[in-house]
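Here is a short briefing on a protein–ligand model, written with a computational chemist in mind. Have a look at the structure first, then read on.

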Amino acid sequence: MLEKANIKKDRSQALAQDALTEKAILDTLSDACFLLNSEGVITYANSATARFFSGQGGIGQKIDACGMAPRLSKAVLEALAENEAIVRPVILSDRETSATALEQTGESAWLVDAAPVQSGHSQSSMRVLLRDITTEYHTEQVRKDFVANASHELRTPLAIINGYLENLTEGNLLKDQDTALRFLKIMGKHGRRIARIVEDMLIISRLESGDANTLKIKPFRLKSCALDVVERLESVISTQGASVHLQMEVPEVRLAGDRFYWTQILFNLVENALKQNPQMPLAVTVGWREEEPGLIIWVEDNGVGIPSSDLPFIFRRFYRVEKHHSQEEIKGTGLGLSIVRRAVEAHEGKIEVGSIPGEATRFEITLPRQMIHRQGKAISKSPTANS
Ligand code: ADP
C-alpha cells in the first residue's frame with residue numbers, strides 16, 4: 001500500500017519536474033509563444049510574450065484585450081475563428097507598436113504562426129508563435145528599392161539612345177553626316193553612363209555579398225594609389241584649373257587592404273569634389289596621418305559643399321543633393337558614396353563627413369591599426385566584406 005503511494009508520489013514529482021523543464025525550455029525561446037482556448041482566452045504564455053502585452057495583459061485575458069497590437073491579434077483571431085493553421089507576415093508601424101510595450105522605432109515585421117492544438121478528438125486550443133522578422137523584412141525592402149531605383153536610372157538613358165537610334169534609321173538621317181555624328185556622340189555618352197551604373201552596381205553587390213573572399217588583401221603603398229587616382233583624373237583637373245595636393249604625414253605608409261577598393265574610395269571622393277565644382281579653381285587635399293586608433297585618411301575641398309540637411313543621407317544609394325536636373329546635367333550615378341562607405345567598412349574602417357558650404361567639405365576615414373602593414377610583420381587579421 002505504502003509502496004503504491006510512494007510510486008504515485010514519485011510519478012507526480014517526475015511530472016512536476018517535466019512541466020518545469022518544459023516551461024524553462026519555452027521561456028528560453030526568443031519567439032513569443034502562447035496558447036488560447038476556444039474563447040480566445042490566453043491559457044499559457046512564455047516569457048517572450050511579455051513585450052506584446054500591456055499592463056496586466058497576459059494569462060486569463062482575451063487576446064483582443066491584452067494590449068497586443070490590433071493587427072497581430074486580428075490575425076490570431078482569424079485563425080481561431082476558422083480553426084485553421086496560418087503563417088502570415090504582419091507589418092507594424094511605430095504608431096501601432098507604441099500601443100503595446102514594444103520598444104520599437106520605425107516599422108517592425110512579425111511572422112504570426114498559429115495552429116489548432118488537437119487534444120483527444122476535440123480541438124481545445126490554438127498554439128501561437130510570434131517571430132520577429134524585422135531584419136529580413138528590411139533587407140528585402142532595401143533590395144526592392146535598389147531594383148526599383150536601378151531600373152529607373154537605367155531606363156532614361158536607354159530611352160534616349162533608342163530615341164536617337166530611331167531618328168537616325170527611320171528619319172533617314174544617316175546621309176547627313178554632321179547630324180549623324182552628333183547623334184552618335186550623344187548615344188555614346190548615354191551608353192557610357194549605363195556602363196558606369198552597371199559597373200557601380202556590380203561593385204556594390206560584390207561588397208554586400210558578405211563573401212569573405214571579396215577583398216584581395218595584399219599590402220600596397222597608399223601614396224602610389226593616391227598618385228594613380230590623380231593621374232586618372234588629370235585631364236579633368238587641368239580642364240577645370242583645379243589643384244590636388246597630397247598632404248602625407250607618413251608618406252610611405254602601406255595598407256593591408258585591397259588596392260582596387262582603395263582606388264575606388266579615393267577616386268570617388270576626389271572625382272565628387274571636381275564634379276560638384278566645375279566652375280571654380282578648386283583646391284582638393286588628399287592626406288593621411290597616423291593617429292589612434294590607427295590611420296586617418298581625408299579628402300577635403302573648398303567647393304560649394306553639402307547642405308547640413310542632406311549630410312545624413314548622402315551615403316545612401318542613388319541619393320543626390322540636386323534632385324531636379326535634366327539628363328544632360330546628371331553628374332554621377334548616385335552610387336559613388338555608397339561604394340566608398342561599403343568599401344571602407346569592408347576594411348573595418350568608418351567614414352564621416354562634415355561640410356561648411358563654400359569653405360570646406362571633408363570626408364574623413366578612420367582605419368584600425370591592423371590595417372597598416374608593418375614591414376616584416378604578417379597581416380594580423382583578414383577583414384571580411386560587410387563587416
Ligand atoms: P554621385 O555619383 O551623384 O556623385 P555620390 O553618392 O558619390 O553620387 O554622392 C552623392 C551626392 O553627394 C552627390 O550627388 C553630391 O550632391 C553630394 N556630394 C558628394 N561629394 C561632394 C562634394 N565634395 N561636394 C559637394 N557635394 C558632394
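## Confidence and ligand surroundings

The chain averages a pLDDT of 86 (the predictor's confidence in each residue, from 0 to 100), and 88% of the residues score at least 70. This is a predicted model, in which local features need pLDDT of at least 70 and side-chain atom pairs count only at pLDDT 80 or more, while totals for chains, interfaces and linings use all residues. Residues are numbered from 1 along each chain as its sequence is written, and side-chain values use heavy atoms, leaving out hydrogens and water.

**Low-confidence stretches**
- Residues 98-104 stay under a pLDDT of 50, and the model gives them 16 contacts (heavy atoms within 4.5 Å) beyond four places in sequence.
- Residues 378-387 are also below 50, with 30 contacts in the model beyond near neighbours in sequence.

**The shell around the ligand**
- There are 18 residues around the ligand (one heavy atom within 4 Å of it), and Asn-272, Lys-275, Thr-333, Gly-334 and Leu-337 come nearest.
- Helix α8 (259-276) and helix α9 (336-346) each supply at least two shell residues, helices being DSSP runs of H or I with at least four residues, numbered from the N terminus.
- The most comes from α8, with four residues.

**Polar contacts (pairs of N or O atoms within 3.5 Å) and burial**
- A polar side-chain atom of Asn-272 lies 2.9 Å from a ligand oxygen atom.
- For Thr-333, a backbone N or O atom lies 2.9 Å from an oxygen atom of the ligand.
- A polar backbone atom of Gly-336 is 3.4 Å from a ligand oxygen atom.
- Taken alone, the ligand exposes 530 Å² (Shrake-Rupley method, 1.4 Å probe), and the protein buries 97% of that.

Methods:
A polar contact is a pair of N or O atoms within 3.5 Å; within protein, one must be able to donate a hydrogen and the other to accept it, and residues adjacent in sequence count only if both atoms are side-chain atoms.
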